[in-house]
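Student: I'd like to practise reading a model from the overall fold down to single residues. Could we go through one together?

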Amino acid sequence: MALDLAKEGRGYTSPNPMVGAVVVRDGKIVGKGYHRAVGGPHAEVNALVDAGSSARGAVLYVTLEPCNHTGRTPPCTERIIDAGIRKVMIAMDDPNPNVRGGGKKYLENHGIETTTGLCKESAEKLNEAFIKHIETKHPFVTAKCAATLDGRIATKTGDSKWITGEKSRAFVHQLRQASDAILIGIDTVINDDPSLTTRLESGTGSDPKRIILDTQLKISKTARVLNLDSKAETIIITGPTPPEKKRLSIEKTNVRIIPLKSENSLINMNSLARYLGESNIMSLLIEGGSRVLASAFKAKIVDKIFFFYAPKILGGDDGVPICRGPGFSLMNESIQVKNIHVRRFDDDVMIEGYI
């Protein structure tokens, strides 16, 4: 239940983790809460407020080790002690080596029993982006594509609407909701003119930042991503020396242009990952196109994939492939995808896996 509650904060808590908490007394649930948004009360506090005086002598189930330091909010450990909780069941330790174990030890020193490891794997998967960012300072990178059975993401004319069905596309908006930023290349902007916003079936959702790779700054001033009514900003990554006149004409409120190192007219993906991580972007969703996906795989920055396959066959070799450019020479050099999960959306098949 605490894990399910934590998921309610998806898309709103970054750069904090998603956390859920449940208070149980005498076998009955007396309080529930989750971390709703960065800067707001943590899950434990919300659950204790919900429980009120019933928290005294109760057990607290929480998906992440309670914090014992002051950040945007006071330490949760103090609130737990003051509430009279007698035992805390923790799914996983805090991944930050600077604070790991501190909350648990503080609670134990104040007579509160703690147990760690219940549903640990589920808790770690829930916050896999937070964990990677804490440990490496790089974002957790997910690559997504929609392809025909013969591996094409568009026809020879560039037509790609629509390869997959409505349910597959609706799930992609859930992926956007879960991501701090979306990444595409300038060719995708020119060919598809996407908005890259989050459009959930519920009508709610938060837009991720939109990142465009455009070494020569070819983007049109009329492109949708530059003219959105969105709180999330658009970032254009260019080569080291973008045309000054074009830069000044495009850069405006909510649109930033960032020069980065490039090689053979392509942005260095490792430099990009380092920059995004330093900018507190924990999770990045790469949506294409084929050159961007190929560059990301070649640079070994991809952690996870969502590949959607529709039951369609273009029947030629002149469409747009999933990855474009030189690949490996030998099959044993290929990128291995592990921990596979397969899911259907009507007739579409989605493969989820980790690199």
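Tutor: We'll start with the whole chain, then go through two helices, a few loops and one glutamate. Keep in mind that this is a predicted model.

Student: Fine. How many helices and strands are there in the chain?

Tutor: The chain has 11 helices and 18 strands. Its radius of gyration is 23 Å, close to the 20 Å that the globule rule gives for 355 residues, so the chain is as compact as a globular protein of that length. Along the principal axes, the C-alpha atoms fill a box of roughly 70 × 45 × 40 Å.

Student: And what share of the residues in the chain is buried?

Tutor: Buried residues account for 51% of the 355, where buried means under 20% relative accessible area. The contact pattern is worth a look too: of contacts between residues at least 6 apart in sequence, 69% join residues at least 24 apart. As for the surface, the chain exposes about 17900 Å², with carbon and sulfur atoms supplying 49% of that.

Student: How many positive and negative side chains are there, and how far apart are the centres of the two sets?

Tutor: There are 48 positive and 41 negative side chains, and the two centres lie 2 Å apart.

Student: Let's go to helices. How do I read burial along one?

Tutor: Begin with the general geometry: an α-helix has 3.6 residues a turn, so residues three or four places apart point the same way. Then check which positions are covered. In helix 6, residues 128–136, seven of the nine residues are buried. They are Glu128, Ala129, Phe130, Ile131, Lys132, His133 and Ile134.

Student: What covers the buried residues of helix 6?

Tutor: The cover includes helix 5 (120–126) and helix 10 (269–278), along with strand 6 (140–148), strand 14 (283–288), strand 15 (304–310) and strand 18 (348–354).

Student: Which residues of helix 10 are buried?

Tutor: Met269, Ser271, Leu272, Ala273, Tyr275, Leu276 and Gly277 are. With seven of its 10 residues buried, helix 10 is largely enclosed by the rest of the structure. Look at its start as well: a side-chain oxygen of Asn268 comes to within 3.1 Å of the backbone nitrogen of Asn270.

Student: Is there one residue that helps me see how helix 6 and helix 10 meet?

Tutor: Try His133, which sits in helix 6. His133 counts as buried because its relative accessibility is 9%. Its side chain reaches the backbone oxygen of Gly277 at 2.9 Å, and Gly277 is one of the buried residues of helix 10. Beyond its close sequence neighbours, His133 is in contact with His138, Gly277, Asn280, Ile281 and Met282.

Student: Now backbone angles. Where does phi turn positive after helix 6 and helix 10?

Tutor: After helix 6 comes Lys137, with a positive phi near 65°. Helix 10 is followed by Asn280, again with a positive phi near 65°. Lys137 lies in the loop between helix 6 and strand 6, and it counts as exposed because its relative accessibility is 52%. Another case is Cys119, a residue other than glycine with phi near 60°. Cys119 belongs to the loop between strand 5 (113–116) and helix 5 and is partly exposed, at 44% relative accessibility.

Student: What about peptide bonds? Which residues does a cis bond join?

Tutor: Lys161 and Trp162 are joined by one, with omega about -10°. Trp162 is in the loop between strand 7 (152–154) and helix 7 (166–177). The bond from Ser14 to Pro15 is also cis, with omega near 10°; Pro15 is in the loop between helix 1 (2–7) and strand 1 (20–25).

Student: Last one: where is Glu251 found?

Tutor: Glu251 is in the loop between helix 9 (244–250) and strand 11 (255–259). At 30% relative accessible area, it is partly exposed.

Student: What do the polar contacts of its side chain reach?

Tutor: One polar contact, of 2.5 Å, joins the side chains of Glu251 and Arg247. The side chain of Glu251 also reaches the backbone nitrogen of Ile257 at 3.3 Å. Setting aside residues up to four places away in sequence, Glu251 touches Arg256 and Ile257. For C-alpha spacing, take Ile236: it is 15 residues from Glu251 along the chain, and their C-alpha atoms are separated by 9.3 Å.

Technical notes. Residues numbered from 1 in each chain as written. Predicted model: local features only at pLDDT ≥ 70, side-chain atom pairs only at ≥ 80, totals over all residues. Heavy atoms only, no water. Helix = DSSP H or I, 4+ residues; strand = E, 2+ residues; numbered from the N terminus. Buried < 20%, exposed > 50% of the residue type's maximum accessible area, 1.4 Å probe, protein only. Contact = heavy atoms within 4.5 Å. Polar contact = N/O pair within 3.5 Å; in protein donor to acceptor, adjacent residues only side chain to side chain. Rg over C-alpha atoms; globule rule 2.2 N^0.38 Å. Areas by Shrake-Rupley, 256 points an atom, 1.4 Å probe, with all protein chains shown as cover. Lys, Arg positive; Asp, Glu negative; His and termini not counted. Charge placed at Lys NZ, Arg CZ, Asp CG, Glu CD.
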